[in-house]
Amino acid sequence: MAESFTPPIRLTRRHLLGASLTGIVLSRPAIPRAQESPIRIGFPVPLTGPYATEAQDQVRCAQLAVDEFNASGGLNGRRAELLARDDKLNPGEAATRTLELIEKDKVDFIVGSLSASVQLAVNNVARQRNVIYNSISQSDQIDALPDWSRTTFHEAMTPHMTAGAVGRYAFGKYGKRVVFLSADYAYGAEMVAGFKAAGAPLGIEVLAELKHPLGTTDFSTLMPRIAALKPDILCLCNFGRDQQIAVKQATDFGLKRTTRIVIPVILYTARLAAGPQAYEGVVGGTSYYWGIESSVPSAKAFNDRYRHAYDGKVPSDYGALGYAGVRAVLAGAARAGTTATDKVVAALEGMKYDFYKGAETYRACDHQAVQSLFIVESKSKDMSGPADVFSVLATDPANEASLLSCSAEGHAS
Amino acid sequence: MRRDAWIARLTPHRAALASLFLLVFPLFMPFKAIAVNILIQGLFALGFNLLYGYLGLLSFGHAALLGGGAYACGIVIVRFGMPWWIGIASGTLAGMLVAAAIGALAIRTRGIYFAMVTLALAQCLYFVAYQAVDWTGGENGLRGVNVAGISLLGVHLDIVRPLVRYYFVAAFVIAALFVLSRILASPFGAAMEAIRENETRARACGYDIAASRWLAFVLSGGFCGLAGALQAIHLGIVPVETLYYTTSGLAVMMTLLGGMGTFFGPFIGAGVFLLLEEVVSLWTVHWQLLVGAVFVACVLFFPRGLWGTLLAGHAR
């Protein structure tokens with residue numbers, strides 16, 4: 001019976017084999033790469049797993065940057081091409097994908113990643129092969145030696161910047177008695193350190209530093225302890241589902257009556273998923289919120305292009321970083337007039353740009369994007385639509401003083 | 001019958017045949033990094049198979065052996081600036097040491113209890129690595145295991161180049177294949193299979209069951225530790241996930257997919273699994289669904305694994 005089905009299958013397989021053999025034969029000879037070959041950008045992000053929503057928006061935004069570049073004529077006619085790959089939120093997988101992108105696809109640049117460990121893995125592979133990597137997720141280490149290299153750029157914010165800006169705002173406004181509740185891993189520790197660094201000159205009093213394991217579902221033993229301390233501020237240094245549950249249980253325990261809940265990074269996507277009640281009154285920092293378009297013209301332009309391309313929706317914060325990260329390396333290539341690594345690095349160093357959130361620049365010593373940061377409060381009423389989730393309380397302007405100093409990161413200057 | 005005769009004739013040359021295959025293998029691969037991954041995961045599964053396939057001990061703690069090797073190699077290179085060959089030697093040794101320690105504690109239990117004890121001890125090691133940030137980089141993983149050039153007898157090898165890296169790793173894997181073949185052909189290999197088939201009888205014949213199991217575990221650790229060291233050099237990083245229990249699960253899955261108790265099955269399992277993941281995840285984000293379905297189908301229709309079924313033929 002199976003025999004009668006084999007001919008068509010064989011035929012297709014033969015076609016496939018033939019096609020792939022032709023492909024191999026054609027790609028094998030060392031033909032010098034023609035000027036018209038596209039500029040290829042490898043984009044490893046976690047398309048599956050807990051951050052899939054954010055990652056998919058990053059791809060949408062990155063594609064927008066590529067389309068824009070191509071529509072404006074590319075680099076002397078050379079078009080750009082985005083190669084999105086699933087890094088599965090796993091550093092080993094990300095390293096393999098990066099090797100694939102560099103060795104097989106011969107990408108000119110790598111942009112992407114959505115976790116500290118993954119970006120450090122991608123960076124390690126890219127720097128060894130002298131390929132420019134622009135990271136779009138938070139990490140302090142990537143700016144510092146020994147991880148940093150000349151080809152490393154960091155478009156995202158660092159925990160130091162984020163916690164610092166949020167801390168300066170919150171400690172000045174809501175009070176100095178603080179309790180930290182952090183997830184027991186690198187991200188939590190870095191955020192707590194950032195808050196303390198910002199709070200020290202303001203004279204904050206740390207009442208307690210509580211840690212919980214990753215993936216905690218029950219905070220009910222911790223909440224009464226926190227409530228008994230009556231802090232002015234509860235800093236929640238955790239992420240994703242941990243954060244959603246912690247915020248919800250803090251609300252249920254009535255903590256919000258006496259205490260302001262402050263979060264270093266408040267995600268647009270997480271707030272949408274959790275709903276307005278849980279996050280009501282929570283204050284946090286974000287690299288981007290579409291609502292700044294009323295005062296920032298480049299944000300308006302970016303939002304409009306996104307709305308036009310994707311059914312009137314608005315971009316998320318991490319998505320926008322995908323846009324800026326890709327657009328930055330393309331702008332660098334355009335300025336350098338080539339994709340050669342050294343020339344593009346030189347073009348990007350100190351480059352001033354305003355792609356989507358106001359003026360930014362890559363600091364010379366560590367290639368960190370000096371950028372503004374927005375303090376937002378989650379809304380539960382007076383919302384003009386489902387996307388209207390935050391009100392912008394303050395803007396922490398782009399300022400090099402908000403960054404860790406070059407010498408603290410181990411750089412010469 | 002003819003098939004059996006062929007298999008019997010070729011078995012003494014299994015290591016050489018497998019090596020020949022590995023030498024031409026990268027030519028058929030979509031990219032070299034995945035070929036290297038298949039080599040390394042295949043070696044890892046091979047180490048696991050030594051214990052599970054040939055001795056019948058199901059360990060769920062092999063991540064500790066792979067990760068122990070990877071971290072040992074990475075730490076001597078990154079923290080002490082040692083050359084690559086010391087890294088590989090330390091990785092192999094560390095795999096054996098971790099196996100010796102876990103084995104000493106777990107070897108007297110059997111069946112599901114052995115699986116649970118090994119799983120628990122491996123998780124202990126995971127949390128140690130997670131906390132020892134100064135040594136292991138903690139959650140961020142150990143970065144900078146960058147071995148750029150290797151000088152061997154006056155010849156300079158640039159292992160950043162994909163094909164050179166493949167053959168560099170393949171050299172170690174091929175050596176491991178010959179060592180494994182030798183172990184299996186030795187009296188100790190026969191004793192392992194005897195214990196697997198009938199433990200009571202093996203004991204009655206005078207074999208020291210506990211010592212044999214422990215030795216097999218340590219040897220298994222050597223192969224897995226080597227795989228870990230090669231992985232550290234290949235990827236340039238040691239992710240803390242290497243020690244996580246899902247890595248142990250991967251070894252079980254690849255071995256079952258290829259065929260437990262077969263010489264080359266683990267490589268087939270590793271190859272099929274990683275290629276499937278690679279191909280499917282390129283066109284859908286729901287790749288896990290399809291890979292899972294294929295695994296279920298394999299367990300249902302090829303209980304001996306793909307390679308095992310091929311060897312056994314249709315007759316059985």
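Let me start inside chain A, in strand S3, where A:Phe109 is the bridge partner of A:Ile41. This is a predicted model, so keep that in mind throughout.

A:Phe109 has a second partner. On the S4(A) side, A:Phe109 bridges to A:Ile132. Step back to the strands. Strand S1 of chain A, residues 39-45, runs parallel to S3(A), and two bridges join them. S3(A) also pairs with strand S4 of chain A, residues 132-135, again in the parallel sense, here over four bridges.

Now the side chains. In a regular strand they alternate between the two faces of the sheet. S3(A), residues 109-112, shows the pattern: A:Phe109 and A:Val111 point one way, A:Ile110 and A:Gly112 the other. What about burial, on one face or the other? All four of these residues are buried.

Next, the loops beside S4(A). A:Asn130 lies in the loop between H4 and S4 of chain A. Most residues other than glycine have a negative phi, and most peptide bonds are trans. A:Asn130 is not a glycine, yet its phi is positive, about 60°. A:Asn130 has 14 other C-beta atoms within 10 Å, so it counts as partly exposed.

Go past S4(A), into the loop that leads to strand S5 of chain A, residues 152-154, and you reach A:Pro146. The peptide bond between A:Leu145 and A:Pro146 is cis, with omega at about 5°.

A:Lys230 is another non-glycine with a positive phi, about 45°. A:Lys230 sits in the loop between helix H7, residues 222-229, and S8 of chain A. Is A:Lys230 buried or exposed? Exposed, because A:Lys230 has 12 C-beta neighbours inside 10 Å.

Follow that loop into strand S8 of chain A, residues 233-237, and you come to A:Cys237. A:Cys237 has 27 other C-beta atoms within 10 Å, so this residue is buried. Which residues touch A:Cys237, leaving aside neighbours within four places in sequence? They are A:Phe180, A:Ser182, A:Ala183, A:Gly188, A:Met191, A:Val192 and A:Pro264. Take A:Pro264. In sequence, A:Cys237 and A:Pro264 are 27 residues apart. In space, their C-alpha atoms are 6.6 Å apart.

S8 also helps to cover a helix, H5 of chain A. H5(A) covers residues 159-174, 16 in number. From first C-alpha to last, H5(A) reaches 21 Å, close to the 22 Å expected at 1.5 Å a residue. The buried residues of H5(A) include the run A:Pro159, A:His160, A:Met161, A:Thr162, A:Ala163, A:Gly164, A:Ala165, A:Val166 and A:Gly167. A:Ala170 and A:Phe171 are buried as well. What covers them? Besides S8, the cover includes helix H6 (186-199) and strands S9 (260-265), S10 (283-286), S14 (373-378) and S15 (390-396) of chain A. Just after H5(A), A:Gly175 takes a positive phi of about 135°.

One more sheet in chain A. Three strands form an open, antiparallel sheet, in the order S11-S12-S13. S11 (352-353) and S13 (369-370) of chain A stand at the edges with a single partner strand each, so one side of each has no neighbour in the sheet. S11(A) and S12(A), residues 360-362, are joined by two bridges. There, A:Lys352 stands opposite A:Thr361.

On to the partner chain. Chain B has an average pLDDT of 91, and 99% of its residues score at least 70. For the complex, the predictor gives an ipTM of 0.91 and a pTM of 0.89.

How many residues meet across the two chains? 26 residues of chain A are in contact with 23 of chain B. On the chain A side, the elements that give two or more residues are helix H3 (91-103) and helix H4 (116-128). That side divides into twelve nonpolar, eight polar and six charged residues.

Last, helix H3 of chain B, residues 32-55. Its 24 residues should span 34 Å at 1.5 Å a residue, and the end C-alpha atoms are 33 Å apart, which agrees. H3(B) does have a kink of about 40°, centred on B:Asn49. How enclosed is H3(B)? 24 of its 24 residues are buried, so H3(B) is largely enclosed by the rest of the structure. Just after H3(B) comes B:Gly56, with a positive phi of about 80°.

Notes
Residues are numbered from 1 along each chain as its sequence is written. Chains are lettered from A and ligands numbered from 1 in the order in which they are written. pLDDT is the predictor's confidence in each residue, from 0 to 100. The expected span of a helix is 1.5 Å times one less than its number of residues. The bend at a residue is the angle between axes fitted to the seven residues ending there and the seven starting there. A residue is buried if 20 or more other C-beta atoms lie within 10 Å of its own, exposed if 12 or fewer, and partly exposed in between; C-beta atoms are placed from the backbone. Two residues are in contact if their C-beta atoms, placed from the backbone, lie within 7 Å. Ala, Val, Leu, Ile, Met, Phe, Trp, Tyr, Cys and Pro count as nonpolar, Asp, Glu, Lys and Arg as charged, and the others, Gly among them, as polar. Two strands pair if DSSP finds at least two bridges between them.
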